[in-house]
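Colleague: Please choose one side chain in this model, examine it and its partner closely, and then set it in the context of the whole chain. I should be grateful if each term were given with its cut-offs.

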Amino acid sequence: MTTRSITAILAAATFAAVVPCAAAPDAPPKPAAEMSNLKVFDGNWTCAGEALPGPMGPGGKMTGSVKSHADFGGYWQSGMVKSSMTGMPAMEGMFHMTYDPGPKQYVLLWVDNMGAYSQETATGWEGDKIVFSGETAMGGKKMAVRDTFVKAADGSLKHDWEGQIDGKWTAMGSETCKKAAAPAKK
């Protein structure tokens, strides 16, 4: 076989592989309709609760704030979390949530200033409750975790978090978050 025929075969194979991708889509992609189910997290929130003593620290009363919004063209719900607890350094974290239409599940990603990160999934809202479960890692250790959010009639959100310790789900903390009052219009 000559160099010219090898080049022709490679060019034809490359063209054949590219042609299906070169066709323009009928319309630009849109975020999954299920993303509208995450709008409940939109806004500025103030939170108060308690972290329980455990592998993540000594526990105690905590307060915090959350700023959350639709992001990246509506494909993600993103938020910044800041909290403080007596005797512990201030915590700052960031979350991103989306809906993955392939496995038909919501995905929650988390990172924070303590070096922790996690990935959790949920099948969706069951009434006023959504439960994310997955794995978190911090300081070289991993743990199965669950985050449960419950919508209350007054518009607040209750957030409970648990970790699997010695094979048992163990409560690690709970907080209630309320939307901050909107600034007065001028």
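**A buried acid and its partner**

Modeller: Glutamate 162 counts as buried because its relative accessibility is 19%, where buried means under 20% relative accessible area, exposed over 50% and partly exposed in between, with a 1.4 Å probe and protein chains only. The model is a predicted one, in which local features need pLDDT of at least 70 and side-chain atom pairs count only at pLDDT 80 or more, while totals for chains, interfaces and linings use all residues. Residues are numbered from 1 along each chain as its sequence is written, and side-chain values use heavy atoms, with hydrogens and water left out.

The partner of glutamate 162 is arginine 146, and their closest N and O atoms are 2.9 Å apart in a salt bridge. Distant parts of the chain are linked by this pair, since glutamate 162 belongs to strand E9 (residues 157-165) and arginine 146 to strand E8 (residues 141-151), 16 residues apart. The term salt bridge requires a side-chain nitrogen of Lys or Arg within 4 Å of a carboxyl oxygen of Asp or Glu. Side chains of opposite charge can pair when their charged atoms come close. Arginine 146 has a relative accessible area of 23% and is therefore partly exposed.

By the rule for salt bridges, the count comes to 4. One of them joins lysine 61 to glutamate 50, with 3.8 Å between the closest N and O atoms. This pair, too, links distant parts of the chain: lysine 61 lies in strand E2 (residues 60-71) and glutamate 50 in strand E1, 11 residues apart. Lysine 61 is exposed at 63% relative accessible area, whereas glutamate 50, at 35%, is partly exposed. Glutamate 135 and lysine 142 also form a salt bridge, at 4.0 Å from N to O. Here glutamate 135 is partly exposed at 41% and lysine 142 is exposed at 58%.

The wider setting of these pairs is a protein chain of 1 helix and 10 strands. Helices (H or I, at least four residues) and strands (E, at least two) are DSSP runs numbered from the N terminus. Along the sequence the order is α-β-β-β-β-β-β-β-β-β-β. Of the 186 residues in the chain, 30% are buried.

Turning to nonpolar packing, a core is a set of buried Ala, Val, Leu, Ile, Met, Phe, Trp, Tyr and Cys residues joined through side-chain atoms within 4.5 Å. The largest core holds 21 residues, and those touching the most other members are Phe41, Phe95, Met97, Tyr106, Ile130 and Phe132. Two or more residues each are given to this core by strands E1 (43-51), E4 (91-100), E5 (105-112) and E7 (129-138). E4 supplies the largest share, 4 residues. A second, separate core has 7 residues, among them Ala51, Met85, Trp161 and Met172.

Contact means heavy atoms within 4.5 Å. Leaving out neighbours within four places in sequence, methionine 97 is in contact with residues including Met35, Leu38, Tyr75, Val107 and Phe132.

Trp161 also appears in the lining of the largest pocket, where Met91, Trp110, Asp112, His159 and Trp161 lie nearest the centre among 46 lining residues. By class the lining comprises 28 nonpolar, 11 polar and 7 charged residues; Ala, Val, Leu, Ile, Met, Phe, Trp, Tyr, Cys and Pro count as nonpolar, Asp, Glu, Lys and Arg as charged, and the others, Gly among them, as polar. A pocket is an open set of points on a 1 Å grid over the protein atoms alone where a 1.4 Å probe fits, with protein on both sides within 12 Å along at least five of seven lines, and lining residues have an atom within 4 Å of a point. The volume of this pocket is about 1,100 Å³, taken as the space filled by probe spheres set on the points, which are joined across faces, edges and corners.

A final example concerns threonine 176 in strand E10 (residues 168-179), which is partly exposed at 31%. Threonine 176 and threonine 46 are 130 residues apart in sequence, yet 8.3 Å apart from C-alpha to C-alpha. Beyond four places in sequence, threonine 176 touches Thr46, Cys47, Ala48, Ser156, Leu157 and Lys158. For the chain as a whole, 32% of contacts between residues at least 6 apart in sequence join residues at least 24 apart.
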